Amino acid sequence: MNTYFHSVTLDTDKCKGCTNCIKRCPVEAIRVRDGKAVIVQERCIDCGECIRECPNHAKIAVTDSLAKLSEYKYNIALPAPSFFGQFKEQVNIEDVLYAFRGIGFDEVFEVALAAEIVGHSVHEFLNEYKGKRPIFSSACPAVLRLMQIKYPDLLDQVAPFLTPMEVAARIAKEQASRKMGIPYEEIGAFFISPCPAKVTEMRNPMTTKHSAVNGVIGVNLIYKDIIRHLGDRTTNGGLDKLQRATKFGMAWGYVTGESRNIAAATTLAVGGIHNVISLLEEIERGELKDVDFVEVQACTGGCVGGPLNIQNLFVGRIRLRDLIKRFGTREAYFTEADLQEIYRQNRFAATEPVEPRAIMTLDEDVSRALMKMERLDQITDELPGLDCGACGSPNCRALAEDIIRGIAFETDCVIKLREKVKILAEEILDLARIVPPSMSDTSKKGGVGREH
Amino acid sequence: MVDSLTYTPQITLEFKIGEKDFFVAGECASRVKKTLQQLGLKQNVIKRIAIIIYEAAMNVAIHATSGMVTVHVEPDAITIRTEDVGAGIEDIDLAMKEGYSTATYEIREMGFGAGMGLSNIKQCSDDLKIESKVGVGTTLNAKVYFQDQTRQADG
């Protein structure tokens, strides 16, 4: 696919052209041009930092709507584990699951259940793995996209498994197809997402050729409908027990949940894209070889901190933890033997390697790139170093880069412009002082006087 | 005189390192790495260079009272030079041995000074020169060629 689709987009009407988002973006993917923010498509990793940062709520995530359900004969909702942390304390897991039937889904399959499969597979994989450590989680697409452009060296250490979302879609559709006798293609699987990067992941998946997910619906879009149907058991008699995931899968909703589920000897869990960056810097330098597994999440707090969620991340986390404590089913749906069989068959292994994307390079030719770099350093030195962002680039260095790439000018810098105006003003003043000889005051010299 | 026909582009990056300034070593390595990525160098070359810079800067931070890391990039090679004022190295051959270390207990406690620095640098460099005077300081010059395919990077 040539056009790289992005979920994170701009609501031009709301954007006031301030510079808050450009300064927060971890990959410097936003510029302000003609009074509006512009997202540099090839750089954006859909982490959602700008959605959180924008004071005017002008950054939005494009997700699918419930209308897309009409395209399929049979629809399955795939709620993310973190979704269950979005409700008041008296709501239980079963109530939430039933609500999906209430709003038009035929079935609901917890992504937490698929997470348990991935967790088990990664655990087994780590037991046999002899290569470079640590192994990174493959669950957060924003982090993988970050690694593609900034830490390509570490990509071969990404756990070679599909994401829980992908696994959930595959199992849910296979099961439904068998049970209902409906062709696989006529079944729609919809991920209920706290995360814009998952939308991008569905359209341009990194670890598989084609995603089995048919739509990604933002939690923010579906929340009100779900609230209205909480505990709605009018459909299907209300007797089925829908909750199947255990606390191990549910806990993937917040940071540390995944690594606990994977249960390697030494694990490390980090949330927040800027924290992830400093950790990856360290690992790329060759540190932390003694750590087996690193859970890396773009959002602070993990998926409960997703930009499309309703609740504050801390509230979401405590609600989710509380739910797990009260309603986490004891009996696992998949037996140890099932999980072992899945792992041995390599059923949910990644089929595509995550490829680097060298978009930071100044030029394909090293010599020419070096020339540009020379110029880049020169320009940077001449810029004021305020990193004010008024030029529309996130900092002075980024402006210098934009100048080199031919998409900005030195005079875009207000300080530089001011200097130029000053020089010009002085020149004008100097010029104004010069009087033609025919008009100059020569009385002092005792020549032919002239009044003025 | 600079002849415009033989002009080769080059850049120089400099970092000051103070005594026990462990933090700055990582920063040097990261900054240089970002620069080299922008230049489009191969990942394994960048990695070797980053290791050299990190280890060399760490050596300055651990053993010297002050020092300087200078990174000089030309179209075909990079030179990493550290100059420091400090204890110096008594026996360079011995210092190059894996596991040999004169780092203090405190520094080892912090997880540094395992005696792998110089041997790591040697493994990653195409050319390495170390000059040292006890009680005065040490100068290290490491060179990595971008096109050299004859050697393999370590892990």
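**Close-up views of a two-chain predicted model**

**View 1. Helices α5 and α11 of chain A meet through a set of side-by-side residues.** In this contact, A142(A), V143(A), L146(A) and M147(A) of α5(A) face I273(A), V276(A) and L280(A) of α11(A); here, contact means that the C-beta atoms, placed from the backbone, lie within 7 Å. The contact residues comprise 7 nonpolar, no polar and no charged. For these classes, Ala, Val, Leu, Ile, Met, Phe, Trp, Tyr, Cys and Pro are nonpolar, Asp, Glu, Lys and Arg are charged, and the others, Gly among them, are polar. The model is predicted, so local features need pLDDT of at least 70 and side-chain atom pairs count only at pLDDT 80 or more, while totals for chains, interfaces and linings use all residues. Residues are numbered from 1 along each chain as its sequence is written, and chains are lettered from A and ligands numbered from 1 in the order in which they are written.

**View 2. The same pair, α5(A) and α11(A), seen as two axes.** Helix α5(A) spans residues 141–150, and its axis lies 11 Å from that of α11(A) at an angle of about 45 degrees. Axes are lines fitted to C-alpha atoms, for helices over the stretch in contact, with angles from 0 to 180 degrees between N-to-C directions. The two helices are therefore oblique to each other, on a scale where angles under 35 degrees are roughly parallel, over 145 roughly antiparallel, 65 to 115 roughly perpendicular and the rest oblique. Their crossing is right-handed; that is, the near helix is turned clockwise from the far one by less than a right angle, and a left-handed crossing is anticlockwise. Helices (H or I, at least four residues) and strands (E, at least two) are DSSP runs, numbered from the N terminus.

**View 3. Helices α2 and α5 of chain B pack together.** Here α2(B) (43–63) and α5(B) (117–124) have axes 9 Å apart, at an angle of about 150 degrees. That makes the pair roughly antiparallel. Among the residues in this contact are I51(B), I52(B) and E55(B) from α2(B), with N120(B) and I121(B) from α5(B). By class, the contact has 6 nonpolar, 3 polar and 2 charged residues. The crossing of α2(B) and α5(B) is left-handed.

**View 4. An open antiparallel sheet in chain B.** Its 5 strands follow the order β1-β2-β3-β5-β4, where pairing requires at least two DSSP bridges between two strands. Strands β1 (11–18) and β4 (127–133) are at the edges with a single partner strand each, so one side of each has no neighbour in the sheet. On average, neighbouring strands are turned by 10 degrees against each other, direction ignored. Between β4(B) and β5(B) (137–145) there are 7 bridges, and D127(B) is opposite K143(B).

**View 5. Where chain A touches chain B.** The contact involves 21 residues of chain A and 21 residues of chain B. On the chain A side, α11 (273–284) and α14 (366–382) each supply at least two residues, and α14(A) gives the most, with 8 residues. That side has 9 nonpolar, 3 polar and 9 charged residues.

**View 6. Two backbone details in loops of chain A.** P134(A), in the loop between α4 (111–128) and β7 (135–136), follows R133(A) through a cis peptide bond with omega near -5 degrees. D46(A) is in the loop between β3 (36–39) and α2 (49–53), and has a positive phi near 60 degrees although it is not glycine.

Key. Two residues are in contact if their C-beta atoms, placed from the backbone, lie within 7 Å.
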